[in-house]
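Let's take a friendly walk through this structure, one place at a time. Open it in your viewer and follow along.

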Amino acid sequence: MKKLCALLLVLLLASSFLFAGGTKEKPAEAKKFTLRVGHTLTDDSHYGVGLAKLAELAKQKSNGTLEIQAFGNSKLGNERDLIEGVSLGTVEMCLTSTGPLPNFSKAFMVFDLPFIVQDRSKFYPILDGETGQKMLEALGSKGIKGIVFYENGFRHITNSKRPINVPDDLKGLKIRLMENPVHLETFRVLGANPSPMAFGELFTALQQKVMDGQENPLLIIKTSKFYEVQKYLALTGHFYSPAVLMINEKLFKSMTPDQQKALQSAGAEARDFERNFIIENEKKLVDELKSLGMEVTTPDKAVFQKAAASVYTKFEADIGKDLIQKVRGQ
Ligand code: EAX
């Protein structure tokens with residue numbers, strides 16, 4: 001009788017252990033997230049196309065638990081508002097150029113130095129490697145998780161007054177710049193009359209001649225239709241503008257490790273896709289913009305570079321000599 005009791009007890013314990021183990025192994029149902037990504041460009045721009053790719057990949061890789069919805073044309077705010085929104089958690093995600101980021105973390109100014117990036121293929125490993133990673137991590141102190149660096153592109157000058165061949169041609173021109181201290185200083189040093197303005201107000205400002213000119217990558221000049229209100233395009237490529245895909249950090253941490261991995265890997269794949277989209281399009285954009293009526297000049301970059309050299313000295317202490325060396329030495 002005693003033996004039978006002992007056997008029954010063992011069986012009971014074993015079955016309850018198995019049962020408990022069984023329920024423990026059942027994977028917890030991953031919560032579904034709907035993530036709005038704000039940006040300032042059009043749906044057919046590189047951001048629009050790159051985010052559509054991100055949405056497709058994130059859905060696939062997360063078994064449908066991550067749904068990304070892109071809102072372009074500054075619908076969720078301008079870039080500064082978007083970054084603040086992601087920091088506070090009022091907007092889940094955003095994709096903005098690094099232009100407004102020095103307001104949140106000074107090191108980003110290194111990318112804003114004139115002509116620091118000449119060859120984007122040598123620059124990608126810096127953005128995607130340790131240096132870029134450290135810069136993205138610095139956003140953590142603002143409650144932002146930087147996922148990956150997308151591309152905005154090499155910036156060129158347009159205006160409605162005259163062709164630009166040398167820095168002197170910029171004299172007195174009212175040029176809209178991003179709200180970025182290095183960019184503004186560069187254009188001051190080059191002799192222009194720069195002022196900051198949100199991207200969403202730019203087209204109207206150019207149309208109403210509140211601004212004579214602006215500077216942006218070719219794809220933006222095309223997709224935001226600046227060619228309708230700007231006659232002259234100068235291929236200066238003076239700044240290279242990376243972009244950062246950001247998410248509210250608390251929200252990111254509330255995802256399962258699998259979902260985090262899915263988002264991170266979708267981001268990296270969509271980044272490569274977006275960069276290639278820009279490179280492919282750039283091959284034909286100068287001709288397209290010419291056929292849309294723009295008059296194009298190709299200034300000697302070395303002359304502009306020399307004229308803007310003092311900008312490096314001015315911001316060296318804020319950015320750090322080592323970081324400048326690292327990015328320059330690409
Ligand atoms: O991030 O504001 C700008 O000129 C930017 O190039 C644009 O918003 C894309």
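Our starting point is Leu54, which is buried because its relative accessible area is 0%, and a residue counts as buried when that value is under 20%. Please keep in mind that this is a predicted model.

Where does Leu54 sit? Leu54 belongs to helix H2, which runs over residues 46–61. If you set aside the neighbours within four places in sequence, Leu54 is in contact with Ile68, Met93, Tyr150, Leu245, Ala266, Gly267 and Ala270. For a sense of distance, you can also pick Glu282: Leu54 and Glu282 are 228 residues apart in sequence, and their C-alpha atoms are 21 Å apart in space.

Now look at H2 as a whole. The helix has 16 residues, and the distance from its first C-alpha to its last is 22 Å, close to the 22 Å expected at 1.5 Å a residue. Leu54 has company in being buried: the buried residues of H2 include His46, Tyr47, Leu51, Ala55 and Ala58. When you read such a pattern, it helps to recall that an α-helix has 3.6 residues a turn, so residues three or four places apart point the same way. After H2 comes Asn63, which has a positive phi, near 50 degrees.

One buried residue of H2, Tyr47, leads us on to the ligand, since Tyr47 is among the residues around the ligand. Others in that group include Thr40, Glu79, Arg155, Arg176 and Phe199. Which polar atoms approach the oxygen atoms of the ligand? A polar side-chain atom of Thr40 lies 2.9 Å from a ligand oxygen, and an N or O atom in the side chain of Asn152 is 2.9 Å from a ligand oxygen. Ser97 takes part through its backbone, with a polar atom there 3.3 Å from an oxygen atom of the ligand. The protein covers 99% of the 270 Å² of accessible area that the ligand has on its own.

Our last stop is His156, in strand S5 (residues 156–159). Is His156 buried or exposed? His156 counts as buried, because its relative accessibility is 8%. The side chain of His156 reaches two backbone nitrogens: that of Gly237 at 3.0 Å and that of Thr236 at 3.3 Å. Beyond residues up to four places away in sequence, His156 touches a set of residues that includes Gln214, Leu218, Ile221, Leu233 and His238. Asn216 is also among the residues that His156 touches, and Asn216 is one of the residues around the ligand.

Methods: Residues numbered from 1 in each chain as written. Predicted model: local features only at pLDDT ≥ 70, side-chain atom pairs only at ≥ 80, totals over all residues. Heavy atoms only, no water. Helix = DSSP H or I, 4+ residues; strand = E, 2+ residues; numbered from the N terminus. Buried < 20%, exposed > 50% of the residue type's maximum accessible area, 1.4 Å probe, protein only. Contact = heavy atoms within 4.5 Å. Expected span 1.5 Å × (residues − 1). Near = heavy atom within 4 Å. Polar contact = N/O pair within 3.5 Å; in protein donor to acceptor, adjacent residues only side chain to side chain. Areas by Shrake-Rupley, 256 points an atom, 1.4 Å probe, with all protein chains shown as cover.
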